[in-house]
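Trainee: Before the structure is shown, may I put a series of questions about it to you?
Mentor: Please do; each reply will set out the reasoning and close on what was asked.

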Amino acid sequence: MEEGLAQNSVPPSGPIDKSRILDVKPMRSLIPVFPMSPQAPASGQYPSGFSPFFPFGGPQQGSSGAPRGGAIPAPIQAYRSPVGAGEGGTSMDGSSGRKNAASRSARSAAKRNKKAVGVPVDASGLVGISPAQREDGSREVVHLIMTTFDAIRRRICQLDDAKELSSGSIKRSDLKACNTLMSKGIRTNLRKRVGAVPGVEIGDIFYFRMELCIVGLHAPSMGGIDSLHVKGEFEEEIIAISIVSSGEYDDEAEDNDVIIYTGQGGNFNKKDKHVTDQKLERGNLALDRSSRQRNEVRVIRGIRDGANPNSKIYVYDGLYKIQDSWVDRAKSGGGVFKYKLVRVPGQPSAFAVWKSVQKFKSGFPSRTGLIIGDLSSGAESIPVSLVNDVDNVKAPAYFTYFHSLRHPKSFSLMQPSHGCSCGKSCVPGDLNCSCIRRNGSILVSRRPLIHECGPTCQCFPNCKNRASQTGLKHHMEVFKTKDRGWGLRSLDPIRAGSFICEYAGEVIDQARLNQLAKEGDANEYVFDTTRIYEEFKWNYEPRLLEEVSTNDSTEDYTMPYPLIISAKNVGNVARFMNHSCSPNVFWQPILYEENNQSFLHVAFFAISHIPPMTELTYDYGIASSGHAGGSRDSKGKKRCLCGSSKCRGSFG
């Protein structure tokens, strides 16, 4: 369990007098990072567009009006996140890739535009969160919070992109989105606790540190150690309840089940690292107490984002216990604390999955169950692997791999279109772009119908308004499930709102669908837009941003004509996606033009962040009365095995 540790990181034998090199402060000199008190307005000035928040209450005031302990916890906007954190990629996720200089410019602009803010307002009812759910969450509440955060972030990112047309300023949409939710009481698991957090599952991924805060997994917006004050035998003690190991300190975190975690402080900077001794206070004191009490500590690992090297993805790796602690000497000469955390046995794999995926993607030769390295035979720019480690079936039934539609149905335009004349890429808010005008300038939301740029448009091929035409962006894998035939998953993490794939196949008519129904194949590799689908809200709530907008209207699809696609003989990876009553993927009708003809397509996007090796599923819907497959309550249905708590029992 201790293989790979540096020689200078081996715990010395015998007891350690940590006070010999460390300036130990008495416990009474410490104050909680987030004191528990009723909401109170914070003093001081804050950057424009932000309001201060304290995840667990405002600073406690003494009789003189000054905060106890002499220090005010820094508001979220005062912290600096890694360069480009979460700002990258394409599709409905609304991200756009930021430069280092741009981040510095944003911070400078924020400092120049400070202003006071008002008292937070409770608007949690707008998204359906009760006071009890703010204290203790559930899987559904956590999902709702995360979806709301990302919807608001996408919209803010879009608004900021539009402002760049005139001002050139760049803002942090993740900070603004979190600040919006925090100030309006839209969060969950407000009550701090030791151990698991209700609604957060091992393996869940987060693209922003702010997401950890709003779901109650880890409170400090930038600090690596979260702590809790508990009653000790003689006095109140502070213990650690979660840590983030993101590589900023000299942690040793390559082992699947062991982390050697470096304490905080010691005049830390990236150039000289620890140049002075760390002190046994704050987070270090909490970890020291936890090593004695042996309480469970949540561990979040920061992993470099392969799609955006300047960013990290945070993975919840489960519960650990501190097995040992000692004092070490950093390369720069400062004394540092080291804590050995060992994973509690019996938990689902999380970080271990990421390590395995790295081997798979590098062409690890002895992978169990690998059948074909590329199911698409070169049709996709990224290989699609085929794996079966369940039984002896060698491959799915024969089909021809094709990445789009065959025999697409088209209709003539009332007025000839020559496409947009944008010289580079279409920019949200640019009403001079004809394609932007047709979409109502909302390119980061689920829409009744999305108009994408087509071949006649003059914008670049990588324009954001061509999301469904760019092909696969993730390493897909067709795999054999235990009880639902073949399924689809990704070796890469998928960010909420990201384009996944198009539903490819042959466009058929109702007569052909009826024939398939008679043959018993009405639900086999068929996508039918006439089916009845469960309603769900994915877009942002305009009132949270004090917008007057029609975007809170129905998200029901508006189809110019019914589209039925059969992927039985011809198709792509989408044909392998199974049904779920709680899906992580949704479909979106998309229209684009070519030679004055409009063609309708079906594209799939991620509802939420999807960890690697997680099965991708969407709602198959229920056949409407009078169509192939029978009525909603008769023949044509199949038993659902999705395992969701909201399972309807059948589909089709």
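Trainee: What is the phi of Gly185, the residue that follows α4?
Mentor: This is a predicted model, in which local features need pLDDT of at least 70 and side-chain atom pairs count only at pLDDT 80 or more, while totals for chains, interfaces and linings use all residues. Residues are numbered from 1 along each chain as its sequence is written, and side-chain values use heavy atoms, leaving out hydrogens and water. Helices (H or I, at least four residues) and strands (E, at least two) are DSSP runs numbered from the N terminus. After α4 comes Gly185, whose phi is positive, near 75 degrees.

Trainee: How many residues of helix α4 are buried?
Mentor: The classes rest on relative accessible area: buried is under 20%, exposed is over 50%, and partly exposed lies in between (1.4 Å probe, protein chains only). Helix α4 spans residues 173-183 and is mostly covered. Its buried residues include Asp174, Lys176 and Asn179. The count for the helix is 11 of 11.

Trainee: How many residues apart in sequence are the parts that Glu201 and Arg139 tie together?
Mentor: A salt bridge requires a side-chain nitrogen of Lys or Arg within 4 Å of a carboxyl oxygen of Asp or Glu. Glu201 and Arg139 form one, with their closest N and O atoms 3.5 Å apart. Because Glu201 sits in the loop between α4 and β1 (205-206) and Arg139 in helix α3 (residues 139-163), the pair joins parts of the chain separated by 62 residues.

Trainee: Are Arg301 and Asp317 buried or exposed?
Mentor: Their side chains meet in a salt bridge at 3.0 Å, N to O. The pair links strand β5 (residues 297-304), which holds Arg301, to strand β6 (residues 312-329), which holds Asp317, 16 residues apart. Relative accessibility is 2% for Arg301 and 1% for Asp317. Arg301 and Asp317 are therefore both buried.

Trainee: Which residue of the Arg438 and Glu593 salt bridge is buried?
Mentor: The N to O distance of this salt bridge is 2.2 Å. Arg438 belongs to helix α8 (residues 434-438) and Glu593 to strand β22 (residues 585-594), so the bridge ties together parts 155 residues apart in sequence. Arg438 has a relative accessibility of 39% and counts as partly exposed. At a relative accessible area of 10%, the buried residue is Glu593.

Trainee: How many salt bridges does a search of the whole structure find?
Mentor: Beyond the pairs just discussed, Asp136, Arg191 and Arg193 are linked in a network of salt bridges. The search over the whole structure gives a total of 27.

Trainee: Which strands stand at the edges of the sheet β11-β17-β19-β18?
Mentor: Two strands pair if DSSP finds at least two bridges between them. The four strands form an open sheet with mixed pairing. Within this sheet, β18 and strand β19 (residues 564-566) are antiparallel over three bridges, with Phe527 opposite Ile565. Each edge strand has a single partner, so one side of it is left without a neighbour in the sheet; these strands are β11 (405-406) and β18 (526-528).

Trainee: What is the average twist from one strand to the next in the sheet β8-β9-β14-β15?
Mentor: This is an open sheet of four strands with mixed pairing. Strand β9 (residues 385-387) runs parallel to β14 over three bridges, and Leu386 stands opposite Val478. For the angle, axes are lines fitted to C-alpha atoms (for helices over the stretch in contact), and angles run from 0 to 180 degrees between N-to-C directions. The twist averages 30 degrees.

Trainee: What distance separates the C-alpha atoms of His474 and Cys501?
Mentor: His474 lies in the loop between β13 (450-451) and β14 (476-480) and is buried at 10% relative accessibility. Leaving aside neighbours within four places in sequence, its contacts (heavy atoms within 4.5 Å) include Ile382, Asp492 and Phe499. Cys501 is 27 residues away along the chain, and the C-alpha separation is 9.4 Å.

Trainee: Where in the protein chain is confidence lowest?
Mentor: The pLDDT, the predictor's confidence in each residue from 0 to 100, averages 78 over the protein chain, and 74% of the residues score at least 70. The pLDDT stays under 50 over residues 19-90. Where pLDDT is low, the predicted coordinates should not be read in detail. Confidence is highest in β1, at 98, and lowest, at a mean of 45, in helix α1 (residues 100-112).
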